[in-house]
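Work through the exercises below with the coordinates open. Each task is followed by a solution in steps.

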Amino acid sequence: MTDDSPFLLARPNVDHALAGAFVREHWRVEGEVHELGSQQDRNYAVTAPTGHRVLLKVHHPSTTAGEIDLQLVAADRLTDAGIRTPSAIPARDGSVTLPLVDGDGVVATARVLEFVEGSSLADGGAMDGAVAERLGRTAGRAVAALAGIEHPAAERGIQWDLRRALEVVESLIDDLPPERRDACLEAARDAAARVAAVADALPLQVVHGDLTADNVMRTPQDELYVVDLGDVGRSWRVAEIAILAGDVLARTESLAATGRAVSGFAAEAELSDDEVDALWPLVVLRGAVLAVSGWSQLRIDGDNDYARERVEHEAAVLNLSSAIPHDEATAALRLALGRPHRRDVAYAPLVDGWDAPVVLDLGITSPQLDEGRWTEPDAETRLARDARPASGVAVARFGEARLTRVPWDVSAPAAARARIVEVWAEPAAAVRAPFAGTVSVVDDSVELRDRGVVLRVDGLEPSTGDGPVAAGGIIGRVARDGAGLRVSRRIRSAAPSAPFGGPDDEYETDAAADPSPLLGLVPAPDPTVTVREARVARERAMGGASERYYAEPPQFERAWGTRFVDVRGRAYLDLVNNVTAIGHSHPVFVDRVTRQLRLLNTNSRFLYAAYARFTEKLLARVAGTRLDTVIPVNSGSEAVDLALRLAQLATGRREVIALREGYHGWTMGADAVTTSAFDNPAALDSRPDWVHLADAPNTYRGPHRGPDAAAAYAAQVAQIADRLAAEGRPAAAFISEPVLGNAGGVIPPAGYLPAVYDAIREHGGLAIADEIQVGLGRLGDAFWGWQLLGAEPDIVTVAKAAGNAYPLGAVITRREIVDALRDEGKFFSSAGGAPAGAVAGEAVLDVIEAESLQENARVVGAHLRHRLEELAARHPLIGTVHGTGLYLGVELVRDGLVPATAETADVCERLLDEGIIMQLTSERSNVLKVKPPLTLTREDADEFVDALGRVLGAL
């Protein structure tokens, strides 16, 4: 080997100062210069004082203008195919590329590219199978996009073209440490010979040439960018996935994860059997090229930290790939692609009666597990028994998060995700070898091996000894106890895995590989993939302004009572859903609404009985007051809007008095009286001139805290009302939540609300009670917040719990107030009071009464508050506990009343890990809002407090 080898390319001699001056002169970007890694080029990030960044790429001087043009063409192709890649930024003179003279006087070509904010997938932590599959799909899409490019510079002859791999290895082998040379050369020559056997059948095209985790960037919005097109050129199509497969193998040390990358690629760019045969030898060749190139680069460019940091990772590609026999690796990859592990093999049925197996749905959304049937201990065997035809077979899928195995206790998530295929068949039916191989028998298990494929069947009565078996040969019989066979697969020498994994466990591993291709079945999808796809779709459709809980939210597709269940197979205790007052999926509610939807659902201008029944039952809940009229609407915001309009029309006035820190909705009218900085940081600066604000009556941290607090807070409202009257514009209304929900369930001091209502009425105004969050029995001691505080409003708004998350709200008021609206024009809400909504509202009221849920809120709420107060005595971070019944707020503080904002957010995230859904509230974001379904039990309350205690202890 000589140093004039075309494979020895030291980076251009460009330092930070030269890079910064070049970008400043030609692109007018000036700022801090930071070098990014590269093997043979130079890459610099230039960050302007504004935070704007660009990437300067200085190509190795050997890179021709044609090769750079090829990169531009490839970038355009990727972009046209919807694959993001950094765009070139023209210089001041309009040029995309410019010459740069490096420190040695050598002319190199440089250009500036868009800087991608985010991090590479290589820097995103440990790689799992879902990321590997996503990378594979990205590589497959890139290959499909680049197919058909014809360019004079495509035949580049660079050392990264795997067609030249053996030449590169033999040229640079002396740069490897002596103890590594023989093994590297032997592995490369064997692999090259295997590739040569099928080389003529391998399609050629332009490929990226280095599509690895290092060269795929992920933005904060979870978008992927393919970067660094410096190795683009013509090569074998399969080389693209071989390069990625080697990278995945080195990062995961898992053939199963590598297989997922390959299957992802093939989903976008089909691979022939010949390409699959060449794939593993190409992985070995890629590893050999990386190994020799890394050490060669360090010899000629000793200060290249990028090359130095990567040399062991690159050695791992060779070490791991060459340690796996070609036949075994290829068999595993063929199964990952859903093909037989050998070419032209047809698998025999596993068990007699397999003709058309019934695939059970035991997953999170299974309709057979509705109405809590998933909690029954024999649910799986019952469903299998009912589904299996006579002398036939029923199966449960690999990868499925089985709802039947999700425990009610959220503190200890169980292993619910199947790493097996379970088979129920006729007792004593013959169990057969799907393929020819070698059998070994251990107790009631039989293992069948061939080419590194290990198929294990548990739960049968073996009828064979150790030794060879032909495809279709009997290896045992179905046990007579009626339990299912458990079929699993391992790769090579991996030890057997547990049959079920936990919600955070990997979908597929070498110890628990998918046996479905051997059985002719389709597995359940990886929930990690479905969660990411759902999140990306939501973000794309709804944008950043749409609120959601948690930075990395679970995907919930099932709820029952007080529990959510996510697609990974974990249950969570719901502590925040005051919307679902009577619990999730309550059967009475579901049955009635479903029945009504089958009968009729239209708008409230038509005559039907449900509308009258709901409004009569709602009015029964305000019996003994002057409230006698209900107007159904479709949401809380619409209810508040209508309440304000009624008050203004009935009084002929415009001004409204509201409280600071209040939340009432997002429509124009409701938002006008919403003052909470939690929901809108600019709320106080953006109120219309007809809204006038008084302090929230918070005796814990407000301006008035002593025994005279009620009078002091009420006096402030009275003063505003007096002033407005004196100015000739008396207030139309005062609006507040009787119990301050947005503040975390803060209860105003006794006497406050009656005094405020008297003050507003003294000048002819009306009192509006927003009961959307706190009403309908949630407070325990009273059905309504205004009842709890001893004051009768003129207008009440109702929503959220009124429909148990079905779109329903209502305004309760007096007829003479409604008449003012009639005089102006009749009110109409398309969905408000529709038959299904009315039935939903009636069902909620009936269930609250029939199941004594208000009493439950009182009893369980008192127990929960007592437990929280005990916890507060041990943890100074808890400043106080607000609220009553099942609307409580746990306020976290430091050093007296300093809001513990960061700690509160941390507590919510940690509680999620404990299986508790909890969110924060208040303007200071330091109150844990506790407003669960009214079906919460004492045991649920204890689970929450125990989890909170563990979290606070950890803090």
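The exercises cover ring pairs, charges over rings, one serine, two backbone angles and a sheet, all in a predicted model.

**Exercise 1. Ring pairs**

Classify the ring pair Tyr608 and Tyr611, then the ring pair Phe783 and Trp784, and state how buried each residue is.

Solution.
- The structure contains ten aromatic pairs.
- For Tyr608 and Tyr611, the ring centres are 6.2 Å apart and the planes stand at 90°. A pair needs centres within 6.5 Å, and planes over 60 degrees apart count as edge-to-face. The Tyr608 and Tyr611 pair is therefore edge-to-face.
- For Phe783 and Trp784, the centres are 5.1 Å apart and the planes are at 80°, so this pair is edge-to-face.
- For accessibility, buried means under 20% relative accessible area, and exposed means over 50%.
- Tyr608 has 11%, so Tyr608 is buried. Tyr611 has 26%, so Tyr611 is partly exposed.
- Phe783 has 4% relative accessibility and is therefore buried. Trp784 has 0% and is buried.

**Exercise 2. A cluster and two charges**

Which residues form an aromatic cluster with Tyr572, and which charged end sits over the ring of Tyr572?

Solution.
- Phe556 and Phe564 join Tyr572 in one aromatic cluster.
- The charged end of Arg570 sits over the Tyr572 ring, at 5.3 Å from the ring centre. Tyr572 thus appears both in the cluster and under a charge.
- A second case is Arg405, whose charged end sits over the ring of Phe500, 4.0 Å from the centre of that ring.
- The distance cut-off for such a placement is 6 Å from the ring centre.

**Exercise 3. The surroundings of Ser445**

Place Ser445 in the secondary structure, decide whether Ser445 is buried or exposed, and find the polar partner of its side chain.

Solution.
- Ser445 belongs to strand E18, which covers residues 445-450.
- The relative accessible area of Ser445 is 4%, so Ser445 is buried.
- Leaving out residues up to four places away in sequence, Ser445 touches Ser440, Arg456, Val457, Asp458 and Leu460.
- With Arg456 there is also a polar contact between the two side chains, at 3.2 Å.

**Exercise 4. Positive phi**

Where do Ser585 and Glu661 lie, and what are their phi values?

Solution.
- Most residues other than glycine have a negative phi.
- Ser585 has a phi near 55°, which is positive in a residue other than glycine. Ser585 is in the loop between strand E27 (571-574) and helix H14 (587-599).
- With 36% relative accessibility, Ser585 is partly exposed.
- Glu661, another residue other than glycine, has a positive phi near 70°. The loop that holds Glu661 runs between strand E29 (656-659) and helix H17 (668-672).
- Glu661 has 18% relative accessibility, so Glu661 counts as buried.

**Exercise 5. A sheet of three strands**

Give the strand order of the sheet that contains E9 and the sense of its pairing, and name the edge strands.

Solution.
- Strands of a sheet pair through backbone hydrogen bonds, either parallel or antiparallel.
- The order here is E7-E9-E10, an open sheet of three strands with antiparallel pairing.
- Strand E7 (119-120) and strand E10 (224-226) are the edge strands, since each pairs on one side only.
- Strand E9 (residues 216-218) pairs with E10 over three bridges in the antiparallel sense.
- Within this pairing, Val216 is opposite Val226 in E10.

How values were computed
Residues are numbered from 1 along each chain as its sequence is written. Side-chain values use heavy atoms; hydrogens and water are left out. Rings of Phe, Tyr and Trp (its six-membered ring) pair if their centres lie within 6.5 Å; planes under 30 degrees apart count as stacked, over 60 as edge-to-face and the rest as tilted. Buried means under 20% relative accessible area, exposed over 50%, partly exposed in between (1.4 Å probe, protein chains only). A charge sits over a ring if NZ of Lys or CZ of Arg is within 6 Å of the ring centre and within 35 degrees of the ring normal. Helices (H or I, at least four residues) and strands (E, at least two) are DSSP runs, numbered from the N terminus. A polar contact is a pair of N or O atoms within 3.5 Å; within protein, one must be able to donate a hydrogen and the other to accept it, and residues adjacent in sequence count only if both atoms are side-chain atoms. Contact means heavy atoms within 4.5 Å. Two strands pair if DSSP finds at least two bridges between them.
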